[in-house]
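Please open the model in your viewer and keep the sequence panel beside it, so that each selection below can be made in turn. The tour moves from one selection to the next and says what is to be found at each stop.

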Amino acid sequence: MKAKPTLNLRDALIATVMTAVVVTPIFGLHLERAGTRTIINPDWTVVAWACALVFLVQLLRPLIAAKMPKVSLPSLPHARPSHRNGLILAALLIAVSWPFFAGRNAVDIATLAMIYVMLGLGLNIVVGFAGLLDLGFVGFYAVGAYTYALLFHWAGWSFWEALPLAGAAAAMFGFVLGFPVLRLRGDYLAIVTLGFGEIIRLMLVNLTSITGGPDGISSIPKPTVLGLEMTRTPSTEGGTTFHQFLGLEFSSLHMVIFLYLMALLLAVITLCISNRLVRMPIGRAWEALREDEIACRSLGLNPMKIKLSAFTLGAMFAGLGGAFFAARQGIVNPESFTFIESALILSIVVLGGMGSQLGVIIAAILLTVLPELAREFSEYRMLIFGLVMVLMMIWRPQGLLPMRRHHVEVRS
């Protein structure tokens, strides 16, 4: 019993030293220009506070854990089918009516959130359902975005013409990636997929004559509404724009609302398809592969086909999201598809709960909206983000809303 305080003190000292090593280069050493020289101006205030806080928390953690009441976060709500359908309908009505009451900035943020909902649901197929750790998911996102950009730049295709091909191109890349990773698991699988994402980004940077290199491709047109452009003047002589056709006064807010509604539609389609797939035999096969590959093989299932289907379908949704991202931004470049994006999408799946579609949707909205509400802490965004993920792994490893597994209780 007397050894416990000593162990707590040792752990606290080790944690404090590690905190100092991590925090000092970021917050303790500031580079400043002095004429032609660069000097280091140390500032130990933040480092001291961080070390003191970590030391106290680690030292007092046993006492805090003993006196802290256990808090159980909610799991997926269990409601009757009629009630569940009513809640879904109410949520859809609120989502559809949102842009007509909110401001322009709020609608822009909501559109971005819908893109991440699509990406999160797509990665949830690979990671949550099939149990395959993918760290290069942003590569499929980039393939979809550049497919539309290149088809417009070189062939003059419209968004609606390029959208199916963007999803098909990303699905093809997912199918091709599936072959090298068929025999890999765990960390080895993660390393290969991480390399795939970086290879895609470096190819986009170096193929200057095709992709524009680091500058990317610009002037990508927005989607049209039944062939009507939502611009002030038509791009072709004798054409008709959206507001002219309806007899409305031109407003740039029309395009903002249309992009949000389109992103919402794509997110709902992704949710419906993935939800249907999970209930089909292929979804059961994904779950069997995730739980135990050897047992899955012993049941007569082919792990190769299961892995390929998961990578292909997940990549397809990422490609569709990438094409919409290119249309929304009007420009694409390799810097939009770095590893940080893959980490963010994976964090959405982990934070929401692997395999939980409702959890992924809530996590995508939270991780998109909260940073916009706290712009004054933008410098510490990644630090806070990492801290939240560490705390989640300690106290809630199954995610905010873990997936409810179907089970049967046998009464004795």
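What follows is a walk through a predicted model, helix by helix and contact by contact.

**Stop one: a long stretch of helix**

Begin by selecting residues 104–129, which make up helix α4. The 26 residues of this helix should span 38 Å at 1.5 Å a residue, and the C-alpha atoms at its two ends are 36 Å apart, which agrees with that expectation. Now centre the view on Leu123, where α4 has a kink of about 35 degrees. If you colour the helix by accessibility, you should find that 21 of its 26 residues are buried, so α4 is largely enclosed by the rest of the structure. Then step past the end of the helix to Gly131, which follows α4 and has a positive phi, near 75 degrees.

**Stop two: the cysteines**

Select Cys51 and then Cys272, and ask of each whether the residue is buried or partly exposed. Cys51 is buried, with a relative accessible area of 14%, whereas Cys272, at 48% relative accessibility, counts as partly exposed. A disulfide is a covalent bond between the sulfur atoms of two cysteines. A search for such bonds across the whole structure finds 0 disulfides.

**Stop three: helix α7 and a nonpolar patch**

Next select Trp154, Ile199, Met203, Leu207 and Ile210 and show them with a surface, since together they form a nonpolar patch on the surface with about 510 Å² of accessible area. Of these residues, Ile199 is found in helix α7, which covers residues 186–206.

Stay in α7 and add Glu198 and Arg201 to the selection. Side chains of opposite charge can pair when their charged atoms come close. Glu198 and Arg201 form a salt bridge in which the closest N and O atoms are 3.0 Å apart, and because the two residues are 3 apart in helix α7, they are separated by about one helical turn. Glu198 counts as partly exposed at 24% relative accessibility, while its partner Arg201 is buried, with a relative accessible area of 19%. The salt bridges in the model come to a count of 5, and the next stop shows others.

**Stop four: a network between two helices**

Move on to Glu293 and Arg297, which both lie in helix α12 (residues 293–298), 4 residues apart, or about one turn of the helix. Their side chains meet in a salt bridge of 3.5 Å, N to O. Which other residue forms a salt bridge with Glu293? Select Lys307, whose closest N and O atoms with Glu293 are 3.7 Å apart. Since Glu293 lies in helix α12 and Lys307 in helix α13 (residues 303–329), this pair ties together parts that are 14 residues apart in sequence. Through their shared partners, the salt bridges join Glu293, Arg297 and Lys307 into one network. Both ends of the α12–α13 pair are covered: Glu293 is buried, with a relative accessible area of 12%, and Lys307 counts as buried at 2% relative accessibility.

Now select Leu301, which is found in the loop between α12 and α13 and is partly exposed, with a relative accessible area of 32%. Add Ala285 and draw a distance between the two C-alpha atoms: Leu301 and Ala285 are 16 residues apart in sequence and 7.4 Å apart in space.

**Stop five: a loop residue and the start of α10**

Select Ser219, in the loop between α8 (208–211) and α9 (242–246). Most residues other than glycine have a negative phi, and most peptide bonds are trans. Ser219, although a residue other than glycine, has a positive phi, near 60 degrees. This serine is also exposed, with a relative accessible area of 59%.

Finish with Leu253, placed in helix α10 (residues 253–279) and counted as partly exposed at 31% relative accessibility. Where does Met230 lie with respect to Leu253? The two residues are 23 apart in sequence, and their C-alpha atoms are 10.0 Å apart in space.

Notes:
Residues are numbered from 1 along each chain as its sequence is written. This is a predicted model: local features need pLDDT of at least 70, side-chain atom pairs count only at pLDDT 80 or more; totals for chains, interfaces and linings use all residues. Side-chain values use heavy atoms; hydrogens and water are left out. The expected span of a helix is 1.5 Å times one less than its number of residues. The bend at a residue is the angle between axes fitted to the seven residues ending there and the seven starting there. Buried means under 20% relative accessible area, exposed over 50%, partly exposed in between (1.4 Å probe, protein chains only). A disulfide is a pair of cysteine sulfur atoms within 2.5 Å. Patches are made of residues with over 30% relative accessible area and no salt bridge: like charges are joined within 9 Å, nonpolar side chains (Val, Leu, Ile, Met, Phe, Trp, Tyr) within 5 Å. Accessible areas come from the Shrake-Rupley method with a 1.4 Å probe; for residues, only the protein chains shown count as cover. A salt bridge is a side-chain nitrogen of Lys or Arg within 4 Å of a carboxyl oxygen of Asp or Glu.
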